[in-house]
Every structure is written in structure tokens, then in C-alpha cells.
Amino acid sequence: MLKIQKTRDWLLVILVNFIWATQVPVIRLIGNKLGPMTVAFVPMLISTLLFIPFLWAENRKRKDSGRRTWKDLRYFILPGLVGIFLMQYLYTLGSTLTLASNAGIITLTIPVLVVIFASVLLKEKLNIVRVIGFIIAIAGVLLTSLPDIKGASFSESIYFKGNLIFLLACSCAAFFNTYSKLLVDKKFTELEILVYSSLVGSIACIPLLIWVEPFSFSEIIHSGRIAFFGLLQLSLMVYGVSMLLFFYILKRMDVSQAILGNYLLPFFISLLGIILLNEKITAFMLTGGIIIFAGTLMVTVYEKQLLSLFNGRGKNGLIEAEEVQKTS
């Protein structure tokens, strides 16, 4: 039964990262029709409004002893400002100041940053299986991301500012993912984490949509059906359903385990590029994808079995060494 649950969680990790990967082609499809601030923040505002009624219904079912107070809501200020608002703003700004290939490679730092944050905030520890899983996943990513690696340019000073801003955006994302586990451990529900954090981020982004890039509802209407449905997909699936599933996974999994699935993003983004943008598939991409799947499967489903295997070998080796010493 436990193995079935772990397998289900692994499949959910894959699904979550597939939904996150849809963000890239959707933004590419609508990016030339709408401004960057609109693309970055309007879906977040829509998502918040869409899920508030569900949270309201959830709160109505609570007993009086379990109702949240204003004191409880303070936990969402930091993730809302850093992990939602600042991350989205820096992500959008950084994307305009650096190469897409540079951004793709920098994004690969998120799981590593999550491990660092998790060790500090959650006291999570790396074990041999997770280290090997990370190494296998990174090897797969390198194969999948060969075009990005070839097209990257980190030595040119004109991209330094954009690279740094994008790295800060990845740090904000890693912090939010880690802090979400902290909120899950405090028994906040998935809807609470999503809505309250997004609400803080939505309030913070309003000045940008007033003064930096004034929001125009008519512009969205006249931008066409693709742009409209693109915003809706980002709102409902990327900022909504996928995040609820991610918080649900964190109830049973360490954040450093769950975030390893991020290394599937380059593979899924390439796959979606083939389907939606008529890009070409390569043998390296397929091989890399299979390797990443293997790495995530190791860490999410078979970690305990592999750990016992490693520990068993270690114990057997120790016993054999002691016996050799005695006989000599």
C-alpha cells in the first residue's frame, strides 16, 4: 500500500512539472500580444479570485476551534512577497535582460537551492540515494539541454545583470518551495497556502499594474482568443491546480525529494515545443528524459529500499573487516 502511494506521488510530481512546463510555450504564444507585467501578474490575480470561493467554503466547514486568526496569516506575508511577487517580477525582468539559453541553465539551480534552504529551514539531510539521484538527474538534464548549453553566453558582460536577476528569481522560487513545506508541517491546507500567499503577492503587484504597465481589460479582449485562453490556462493550471498538487505532495515527501522533479522541466518544455511550436525532437532529448525519470523514481519511490541496500552492504563490509582482524 505504501509503495502504491509513493508511486502515485511520483506520478503527481511528474504531472506537476508537466503543468509548470506549459508556462513557457504559453508565454511564448501570448508574449507578443500582451505586456510582460500583464503576462506575469494578471494570471496570478485571476487565480486568486478563482480560488477564494473554494477557500471560503473550506473555512465555513471548520469548527470554531480550528478557525484561522489574523495572527495565523502572518506566516503568508514572507512567501507572498518573496516567493510570489518578487519571484514573478524578477523572473519577468531577468528574462528580458538575458538569453533564453542562459535562463534555461540558471533555472537548473532551483533544486540545489532548495536543498540548501531545506537544510537550514527544515533540517532535511541529504543521503547517498538523494545525492546519486541528483547526479543522475543532472546528467539527464545536460543531455536534454545541449542546445541551451551551446547557445549560452555567460562570459559576455551585457548579460551579467540579467543573469544575476534571473538567479535571484530562482532563489525566490526555491525559498517559496521550501517555505511551503514549513506551512504544510504547520497544518495549513493546500488552499490556504495557495490563496493567502497569492493574495499577498497580488496586493504587492497592483502598483506595477497601475504605474509601470497600466492594466487594460480591453487590451486583453482585443488580443485574441489565444491570448485570452493562454491567460486562463496560466491562472487555472499553472498558478492554481499545479500548486495545490505540489502542496499535497509535500504532506508525505521532503521538499528536496519533490523538487528533484524540476529537472524534468527542460525535457517537458522541449516536448511541448515539438507539439505546439513545431520544434524538432532529438535522440539526446529522449535519452535525457529517460535518465531524469530514473533519477526521480529512485528518490521518490525506491529511496528506502536503496538506502537499506547501501546500509546492508556497509554493515556486511564492517563485519567482514572485523572477522579478518580477528583471524589475523
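Trainee: Which helix gives the largest share of the lining of the second largest pocket?

Mentor: Keep in mind that this is a predicted model. The second largest pocket holds about 240 Å³ of space, and α3 (36-60), α10 (190-212), α11 (217-222) and α12 each bring at least two residues to its lining. Among the lining residues are Val42, Leu45, Ile46 and Leu49. The largest share is four residues, and it comes from α3.

Trainee: How do the lining residues of the second largest pocket divide into nonpolar, polar and charged?

Mentor: Look at the names first: the lining includes Ile206, Leu209, Phe215, Phe217 and Ile220, along with Phe228, Leu231 and Leu232. Sorted by class, that lining comes out as twelve nonpolar, no polar and no charged.

Trainee: OK, on to cavities. Which element supplies the largest share of the lining of the largest cavity?

Mentor: There are three cavities of 30 Å³ or more, and the largest has a volume of about 40 Å³. Two elements give two or more residues to its lining, α1 (2-21) and α12 (225-249). Val13, Val16, Asn17 and Trp20 are among the lining residues. The largest share, four residues, belongs to α1.

Trainee: And what is the class make-up of the lining of the largest cavity?

Mentor: Asn17 and Asn262 sit in that lining alongside residues including Phe246, Ile249, Ala258 and Ile259. Asn counts as polar, because it is in neither the nonpolar nor the charged list. The tally is seven nonpolar, two polar and no charged.

Trainee: Which helix gives the most to the largest nonpolar core?

Mentor: That core has 84 residues, and Phe41, Phe246 and Tyr263 have the most contacts inside it. The top contributor is a helix spanning residues 160-185, with twelve residues in the core: α9. Phe246 also turns up in the lining of the largest cavity.

Trainee: Which residues does Tyr263 touch, leaving out those up to four places away in sequence?

Mentor: Tyr263 is one of the residues with the most contacts inside the largest core. With its sequence neighbours up to four places away left out, its partners are Leu108, Pro111, Val112, Phe134, Ala137, Ile138, Val141 and Ile292.

Trainee: Last one: how many disulfides does the structure hold?

Mentor: A pair needs its sulfur atoms within 2.5 Å. Cys172 is buried, at 8% relative accessible area, but its sulfur is 9.2 Å from the closest cysteine sulfur, in Cys170, so that's too far for a bond. Cys205 is buried at 0%, and its closest cysteine sulfur, in Cys172, is 15 Å away, also too far. The number of disulfides is zero.

Terms used. Residues are numbered from 1 along each chain as its sequence is written. This is a predicted model: local features need pLDDT of at least 70, side-chain atom pairs count only at pLDDT 80 or more; totals for chains, interfaces and linings use all residues. Side-chain values use heavy atoms; hydrogens and water are left out. Buried means under 20% relative accessible area, exposed over 50%, partly exposed in between (1.4 Å probe, protein chains only). A nonpolar core is a set of buried Ala, Val, Leu, Ile, Met, Phe, Trp, Tyr and Cys residues joined through side-chain atoms within 4.5 Å. Contact means heavy atoms within 4.5 Å. On a 1 Å grid over the protein atoms alone, a cavity is a set of points where a 1.4 Å probe fits but cannot get out, and a pocket is an open set with protein on both sides within 12 Å along at least five of seven lines; lining residues have an atom within 4 Å of a point. Grid points are joined across faces, edges and corners, and a volume is the space filled by probe spheres set on the points.
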